[in-house]
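Student: Please take one part of this model and look at it closely. I would like the strand pairing and the core behind it.

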Amino acid sequence: MKKNQGFTLVELVIVIVILGILAITAAPKFLNLSGDAKASTLSALKGSLESANAMVYSKALLQSKEKDATALLTNPAVNVVYGYTAATVDDIGEVLDLATTEWTVIDDSSTTAAPANTVVITPEALSYETDATKACQLLYVEAASQGAKPTITLQTQGC
C-alpha cells in the first residue's frame, strides 16, 4: 500500500483561513505604530523643553534677569522673557538641538494661525494645525508675567 505524505488541499485552505483571521485581528494593533512613535517623541520633547527651561531660568537667576520682561542671557546667547526662554525659533533652537530634517519649528510671525508669542514644534515637516483633534504638535507659549511659567501644550490626537 502506498502512503501519502503531505497535506490535502482542504487542510491547506483551513490553515490559510486561520492565518487570515489572526492577521485581521492582530493588524490593527500594529498599524498605528508611527503615530504612537510621533506622540512618544513629542512627549519626550516636552520633557526636554521643560528641563532646558529650568536650566535657563536658573541661569537667569544667576545673572539677575529673572524679573525682566525681556533680557539676553550670555554663554550661550538666549533671549528670555521673565527668566524663561523666549518664544522664537532661534531661542528654542538654542536650548534644544533639534534636527531640521526631523522637526519643523514655527513661530507666530510666520503663521497667523498660531497664537501670539507661541512656537509650534511639529515632527517631520507637518504644519501647524488649529484643530487640536487633528494636531500632532507641541505648543510653547512664553511666560506672560513675572512669576508665571511658560505654557507647554502637547497635542497628539492627530499623530
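Tutor: What follows starts at one strand and works outward to the core and a nearby topic, the backbone of two loops.

This is a predicted model, in which local features need pLDDT of at least 70, side-chain atom pairs count only at pLDDT 80 or more, and totals for chains, interfaces and linings use all residues. Residues are numbered from 1 along each chain as its sequence is written, and side-chain values use heavy atoms, with hydrogens and water left out.

Take strand S6, residues 137-141. Helices (H or I, at least four residues) and strands (E, at least two) are DSSP runs, numbered from the N terminus. S6 is mostly covered: four of its five residues are buried. Buried means under 20% relative accessible area, exposed over 50%, and partly exposed in between (1.4 Å probe, protein chains only).

S6 has strand S5 (residues 118-123) as an antiparallel partner, joined by four bridges. Two strands pair if DSSP finds at least two bridges between them. In this pairing, Thr118 stands opposite Val141 of S6. Strand S7 (residues 151-155) also runs antiparallel to S6, with five bridges. Here Gln137 has Gln155 in S7 as its bridge partner.

Now the core. The largest nonpolar core has 27 residues. Such a core is a set of buried Ala, Val, Leu, Ile, Met, Phe, Trp, Tyr and Cys residues joined through side-chain atoms within 4.5 Å. Leu45, Leu49, Leu96, Ile121 and Tyr140 have the most contacts inside this core. At least two core residues each come from helix H2 (33-62), strand S1 (71-73), strand S2 (78-81), helix H3 (89-95), S5 and S6. H2 gives the largest share, six residues. In soluble globular proteins, nonpolar side chains tend to be buried together.

Look at Ile121. Leaving aside neighbours within four places in sequence, Ile121 is in contact (heavy atoms within 4.5 Å) with Leu42, Leu45, Ile92, Leu98, Trp103, Thr104, Val105, Gln137 and Leu138.

Next, the loops. Asn75 lies in the loop between S1 and S2. Pro76 is in the loop between S1 and S2 too. A cis peptide bond joins Asn75 and Pro76, with omega about 0°. Asn75 is not a glycine, yet has a positive phi of about 55°. Tyr82 also has a positive phi of about 55° and is not a glycine. Tyr82 sits in the loop between S2 and strand S3 (84-85). Most residues other than glycine have a negative phi, and most peptide bonds are trans. Asn75 is exposed, at 66% relative accessible area. Tyr82 is buried, at 18%.
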